[in-house]
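Hello,

Here is the structure I promised to pass on to you. Have a look at it first, and then read on for what turned up.

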Amino acid sequence: MMRTRSHALAALALATALVGAASPALATGFTVKGTVKLPEGARSTRLYSGYWRLENGNVPVQTVGGAKAETVVVLEDLKGAHAPPARTVTVEIGGLDARPRLVIMGPGSVLEIKNTGKMTHELSTPENTTLMPIERLPPGAARHVKFETVGGFVVRDGEYPHIMISVIVVDSPYYSTLDERGGFSIAGVPDGKAKLRVWTRGAWATEQEIETSKKEDLSIKVAPPNEKEAAE
């Protein structure tokens, strides 16, 4: 009797282990990965051709990392997804560049902008002036703005238009920035359909519907702005 019971318990444990080993995705989710192919011009670190003339000389208009540092892949419309907790994210402006130039956070988060340079900046969200009206930020000062709504927002500098901060407010934790080769990877994604969107250099560039359970790597091409406008 004892031997039969022991055999039954062992068989149950083995069956449970086999089920867990056969279906890891059910417990941990799927990984959505691939590559974002940006336009040729986006690979340059020069946003504008030319130089800013300052009192102590000329400064080339450039940004470290090019467009890859300003690109994010976001998965939306996933059942059961929860927004990341609200937090405060700091961006420093110095040397006529913002670091980082891309911020991703949940609703209710606060963007803190610190002016660590020697120039005064006039910052605002021109597409939504009620969110962040234009205001001068002198050296050594900081400004705090709360973002409540999900979506993409752009903070611009009225004096130096190449300075741009992309603020992406997400309602789920399923997003990824790009590596040096343009690759992205989003782990733990629930099974089902999702809307994949790509934000790069201040705008949503492309979107498509995907099946999260597919194992094939995605290849997403971002068309140049002139091609996109022609298609629309």
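How much area does the protein expose, and what share of it do carbon and sulfur atoms supply? The exposed area is about 13,500 Å², and carbon and sulfur supply 53% of it (Shrake-Rupley method, 1.4 Å probe; for residues, only the protein chains shown count as cover).

A word on the basis: this is a predicted model, in which local features need pLDDT of at least 70, side-chain atom pairs count only at pLDDT 80 or more, and totals for chains, interfaces and linings use all residues. Residues are numbered from 1 along each chain as its sequence is written, and side-chain values use heavy atoms, with hydrogens and water left out.

**Overall**

The protein has three helices and 18 strands (DSSP runs numbered from the N terminus: H or I of at least four residues for helices, E of at least two for strands). Of its 232 residues, 38% are buried (under 20% relative accessible area, with exposed over 50% and partly exposed in between; 1.4 Å probe, protein chains only). Among contacts (heavy atoms within 4.5 Å) with a separation of 6 or more, 61% join residues 24 or more positions apart.

**The cores**

The largest nonpolar core (buried Ala, Val, Leu, Ile, Met, Phe, Trp, Tyr and Cys residues joined through side-chain atoms within 4.5 Å) has 21 residues, and Leu111, Ile113, Phe147, Val155, Ile165 and Val167 touch the most other members. Strands that each supply at least two of its residues include β8 (109–115) and β11 (142–147). Apart from this core lies another, of 19 residues, with Leu78 and Val222 among them. Beyond its neighbours within four places in sequence, Leu111 is in contact with residues including Val89, Met105, Arg143 and Val167.

**Ser109**

Ser109 belongs to strand β8 and is buried, at 0% relative accessibility. Its side chain makes polar contacts (N or O atoms within 3.5 Å; within protein, one able to donate a hydrogen and the other to accept it, and residues adjacent in sequence counting only if both atoms are side-chain atoms). One reaches the backbone nitrogen of Arg87 at 3.0 Å, and another the backbone oxygen of Gly106 at 2.7 Å.

**The tryptophans**

Two aromatic pairs were found in the whole structure (ring centres within 6.5 Å, using the six-membered ring of Trp; planes under 30 degrees apart are stacked, over 60 edge-to-face, the rest tilted). Trp199 and Trp204 have ring centres 5.1 Å apart and planes at 85°, so they are edge-to-face. Trp199 is buried, at 2%.

Best wishes
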